[in-house]
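Q: I'm new to this one and would like a close look at a single part of it. Could you walk me through one helix and what surrounds it?

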Amino acid sequence: MDNTAIITQVGRDEELISPTQEKVSQSGLNVKKQRSRSFFSSFFCCFRDYNVESTNGSSNVQSPTVEENGSIAKPINNADFIVPVEIDGTVHQVYVLKRPHVDLFLQKMGQLFECVLFTASLAKYADPVADLLDRWGVFRARLFRESCVFHRGNYVKDLSRLGRDLSKVIIVDNSPASYIFHPENAVPVQSWFDDMSDTELYDLIPFFEGLSKEEDVYTVLQNLRDIAM
């Protein structure tokens, strides 16, 4: 592995696994699986839709926050969880609404791939949100805004810096600007806000189950792009 790869900078308390081994935590059990593929997934769509509310005791006014590549969050009334975050000396409440089927999706992806959270969000709120979202320890590492490349007004996720074989790397993202350096590695998903009937993550599971058996992702992803055209 490249010693300069950013993936080496974000190891959590447990040791980061190699591309040929994965430890999956599910229902309280640790299961080790041998594998020969890597999957670097960007689940920031799970973080985008929240609102920040001041908790200084003098105001209940909700203020929108600019998030991933300029997106503006909108109010959420049925948040799954609320995370207190200090921004510029003021404590705010981050309201998080989970995309439908994200729990099942994360568990399945953790069984099939080595998963890394790669988000242009700031660590100060994305990290505690990930703690609540990823109850199974699926994310083997977490990369935040400082690991992105600022390019033409956007935070780009440069997959070449991950220290992995790119023919075995996939990025799941709703923003083409985020993977502009490596569009051939992308599985695009639709932006999601509050449609609780959405099934995109659930519908993608069979696709990734098949993709996990491939040694090279490029051919399959090219076919996916051809179908989308």
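A: Here is a walk around helix H2 and its surroundings, with a stop at some aromatic rings along the way. Keep in mind that this is a predicted model.

A bit of background to start. The chain has 229 residues, and 48% of them are buried. Its secondary structure comes to four helices and 12 strands. Of the contacts with a separation of 6 or more, 66% are between residues 24 or more positions apart.

Now for H2 itself, which runs over residues 123–133. Its buried residues are Tyr125, Ala126, Asp127, Val129, Ala130 and Leu133. Look at how those numbers are spaced, with this in mind: an α-helix has 3.6 residues a turn, so residues three or four places apart point the same way.

What covers that buried set? The cover includes strands S5 (81–87), S6 (90–96), S7 (115–118) and S8 (139–143), along with helix H1 (102–112).

Two of those strands do something extra with H2. S7, H2 and S8 make a right-handed β-α-β unit. S7 and S8 pair in the parallel sense, over four bridges. If you want a place to find that pairing, go to Cys115: its bridge partner in S8 is Phe139. S8 is mostly covered, with five of its five residues buried.

Next, follow the chain to the loop between H1 and S7, where Phe113 lies. A search of the whole structure finds four aromatic pairs. In one of them, the ring centres of Phe113 and Phe208 are 6.3 Å apart and the planes stand at 85 degrees, so this pair is edge-to-face. Phe208 belongs to helix H3 (residues 200–211), so the pair ties together parts that are 95 residues apart in sequence. Both of these phenylalanines are buried.

Phe208 has another ring partner too. With Phe207 it forms an edge-to-face pair, at 5.3 Å centre to centre and 65 degrees between the planes. How covered are these two? Phe208 is buried, with a relative accessible area of 0%, while Phe207 counts as partly exposed because its relative accessibility is 24%. Put the ring pairs together and you get a cluster that links Phe105, Phe113, Phe207 and Phe208.

One last ring is worth a look, this time with a charge. The charged end of Arg145 sits over the ring of Tyr155, 4.6 Å from the ring's centre.

Definitions and conventions: Residues are numbered from 1 along each chain as its sequence is written. This is a predicted model: local features need pLDDT of at least 70, side-chain atom pairs count only at pLDDT 80 or more; totals for chains, interfaces and linings use all residues. Side-chain values use heavy atoms; hydrogens and water are left out. Helices (H or I, at least four residues) and strands (E, at least two) are DSSP runs, numbered from the N terminus. Buried means under 20% relative accessible area, exposed over 50%, partly exposed in between (1.4 Å probe, protein chains only). Contact means heavy atoms within 4.5 Å. Rings of Phe, Tyr and Trp (its six-membered ring) pair if their centres lie within 6.5 Å; planes under 30 degrees apart count as stacked, over 60 as edge-to-face and the rest as tilted. A charge sits over a ring if NZ of Lys or CZ of Arg is within 6 Å of the ring centre and within 35 degrees of the ring normal. Two strands pair if DSSP finds at least two bridges between them. A crossover is right-handed if, with the strands pointing away from the viewer, the path from the first strand over the helix to the second runs clockwise.
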